[in-house]
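Thanks for sending this one over. Below are my notes, kept as numbered points so that you can follow them with the structure open.

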Amino acid sequence: MAAYILHLAILGGMYVLLAASLNIPVGLSGQVSLGHGAFFGIGAYISGLLAIHYAVLPFPLLLVLAGLGSAAVAVLLSPPALKLKDEYLAVVTLGFGLIFELGLKNLAFTGGTDGLYGLPNFGMQGADFLWWVWGAVALCLFVTSRLRKGQFGRNLTAIKESERTARTLGIAPLPLKVGCFALSALFAGIAGSLYAHYITFINPGVFGLHTSILLLCMVVLGGMGTVLGPLAGGILLFLLPELLQEFADYQDLVYGGLLIVILIFRPQGLLGRAPGQGRRRFPLRRRTQPAPASTSNA
Amino acid sequence: MIWQQIVNGIVAGSAYALVALGYSLIYGVLGLINLAQGEIYMAGAFGLWIAAAVLGLPLPLAVLFGLLFSAVVGLSMERVVFRPLTGRHPLIPLLAAIGLSIFLQSVALLAFGPETRPFPLEFEPQLWNLGPVTLSTLQLLLVTTALALMGGLFWYVHASRHGQALQAVAMDREAARLVGIKPHQCVAQAFGIGGMLSGAAGMMMAAYYNATYPYMGVLPGLKGFCAAVLGGAGSIPGAILGGLILGLSENLGAAYIHSGFKDGYAFAILIAILLLRPQGLLGKSK
């Protein structure tokens, strides 16, 4: 039982890390991504392939390389994509994620649909992974909270609220947006590396559309743009299927239904402020519309 | 060989085009990407299955039942989920649509089970050899039906009063309200008609591939969305063009490049088009 709880804490931590990293572009600069699973996968495959072909590399180095590799892909691919807005960006990232998954399945060096087996865990126990994972979560949340503050945070908010206004104020949106995406991919890559060496086998299915959607839901449920929102959303959506295991047939029914209900009744997310409640920042306001009726627990 | 692939591409493409039209109608009036459109496609196919296999209706009545069933699913989506979300940040309805799609898939899974069901009606397609191409009556029937539906929609949107109201709301919601059009009714109309078109596509493909199952709408739904954006979101000729390009390119790509990437070509083309021409092929730039 204790081992099971430890396992849940480690795996849950990885999803929280992924949700927290996705929160950087989605919540801070307002760029939606439906392909975040791909950056998770890039980190996992970089780390796994390096560990297989160069057994001498130590774990911390792999972690860093996986993060940097994933961030490099984001920097290379995102400048043209980030000129697109909202639904167009959503569909381009979705397409990127799908093509990435198909690539993993069809290329020889990634092991096809079987993926990579027997990855080393560097003699680490569950508890060691627990420290690594939650350490990375803490770092990611700390970075998020720093990014929200000061000149940089205000620039990001300006871009999120209205890119045209931001431009007239002399803020160049593209470098900031690319920076947010790269930072997000960095943490997703680290999560991928941790996943690869904790589970010790990886296959394309883990990094596909289903994961990307789940991560975006975690961010929105928790509260986009809040520091602790991804923590709440990640834990809730990760634990829900575990708690509902007895009713496995009804799991997706509850999951989809809950998502709809929360979006209708608490669109700002669990930890987000309802419009009008906050002092200066409303994570979800875009259109000027009367404030939605706030619920009793708001 | 290449001509055969083109014929197959046109058949698949006409189904994508119908789904894309559903997206475009709704996007036009509401600015919403209803990612649950693929589940209406699935609902149409299951509607036909219920009518034919459970109620024992003949083909024309079963098709009619399927159309009504998918329209009802579309309308209830709008009433229950999207209407309360009007005016929120655009990401919220998008995510609600994703939730809805997961929800409807699992409803279908619980109601019908995971197995793939064959098409419930007997159908003996005749094959014609026309030079390099083999054409079946089924393919011909599907493409003509799709064309008829597209023509009907074109007439409806451009010539009927209700269709013109729909266009007015798409152009300017507030101005439409000023001249006495009720935007809510138009939105409901778009969901009803869009639902029927997607449901028709689902029934067509259930017959074409001889398969009806709960997850059948996932990929056609995404590809229909691609087709809509490719042609220009909100544009009716654009959606048709986008659907055909998508159907053709994935059949040709699978035959001549790599069949493992069949589902990826649609998105590769989409990404290329969006980067070069963000408003889509026939869309108007803002």
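1. Leaving out residues up to four places away in sequence, A:Val178 touches A:Val75, A:Ser78, A:Pro79 and A:Leu82, where a contact means that two C-beta atoms, placed from the backbone, lie within 7 Å. A:Val178 sits in helix α8 (residues 173-199) of chain A. Its C-alpha atom is separated by 7.4 Å from that of A:Leu82, although the two are 96 residues apart along the chain. A:Val178 counts as buried because it has 21 C-beta neighbours inside 10 Å. The cut-offs for this are 20 or more other C-beta atoms within 10 Å for buried, 12 or fewer for exposed, and anything in between for partly exposed, again with C-beta atoms placed from the backbone.

2. A word on the basis of these notes: this is a predicted model, in which local features need pLDDT of at least 70 and side-chain atom pairs count only at pLDDT 80 or more, while totals for chains, interfaces and linings use all residues. Residues are numbered from 1 along each chain as its sequence is written, and chains are lettered from A and ligands numbered from 1 in the order in which they are written.

3. Chain A has 11 helices and 0 strands, counting DSSP runs numbered from the N terminus (H or I of at least four residues for a helix, E of at least two for a strand). Its radius of gyration is 19 Å, close to the 19 Å from the globule rule for 298 residues, so chain A is as compact as a globular protein of that length. The radius is taken over C-alpha atoms, and the rule is 2.2 Å times the number of residues to the power 0.38. The C-alpha atoms of chain A fill a box of roughly 55 × 45 × 30 Å along the principal axes. Of the 298 residues, 51% count as buried. Among contacts between residues at least 6 apart in sequence, 78% join residues at least 24 apart.

4. Chain B has 11 helices and 2 strands, in the order α-α-α-α-β-β-α-α-α-α-α-α-α from the N terminus. Its radius of gyration is 18 Å, which agrees with the value near 19 Å for a compact globule of 286 residues. The box filled by the C-alpha atoms of chain B is roughly 55 × 50 × 35 Å along the principal axes, and 53% of the 286 residues count as buried.

5. Two helices are worth a look. In chain A, helix α2 (residues 36-53) has 18 residues and should span 26 Å at 1.5 Å a residue, which agrees with end C-alpha atoms 26 Å apart; the expected span is 1.5 Å times one less than the number of residues. α2(A) is mostly covered, with 14 of its 18 residues buried. In chain B, helix α5 (residues 137-159) has 23 residues, and its end C-alpha atoms are 32 Å apart against an expected 33 Å, which agrees. Buried residues in α5(B) include B:Gln139, B:Leu142 and B:Met150. The buried residues of α5(B) pack against α1 (2-30), β2 (133-136), α8 (183-208) and α10 (236-256) of chain B.

6. How many residues does each chain give to the contact? Chain A gives 34 and chain B gives 37. On the side of chain A that touches chain B, the elements giving two or more residues are α4 (86-106), α9 (209-222) and α11 (251-265). α4(A) gives the most, with 12 residues.

7. The largest nonpolar core has 189 residues, and A:Leu17, B:Ala17, B:Leu95 and B:Cys226 touch the most other members. Such a core is a set of buried Ala, Val, Leu, Ile, Met, Phe, Trp, Tyr and Cys residues joined through C-beta atoms within 7 Å. Beyond its neighbours within four places in sequence, B:Cys226 is in contact with A:Val91, B:Leu246, B:Ala266, B:Phe267 and B:Leu270.

8. Finally, two backbone points to check by eye. A:Thr200, in the loop between α8 and α9 of chain A, has a positive phi of about 70° although it is not a glycine. B:Asn210 lies in the loop between α8 and α9 (218-231) of chain B, and has a positive phi of about 55° without being a glycine.
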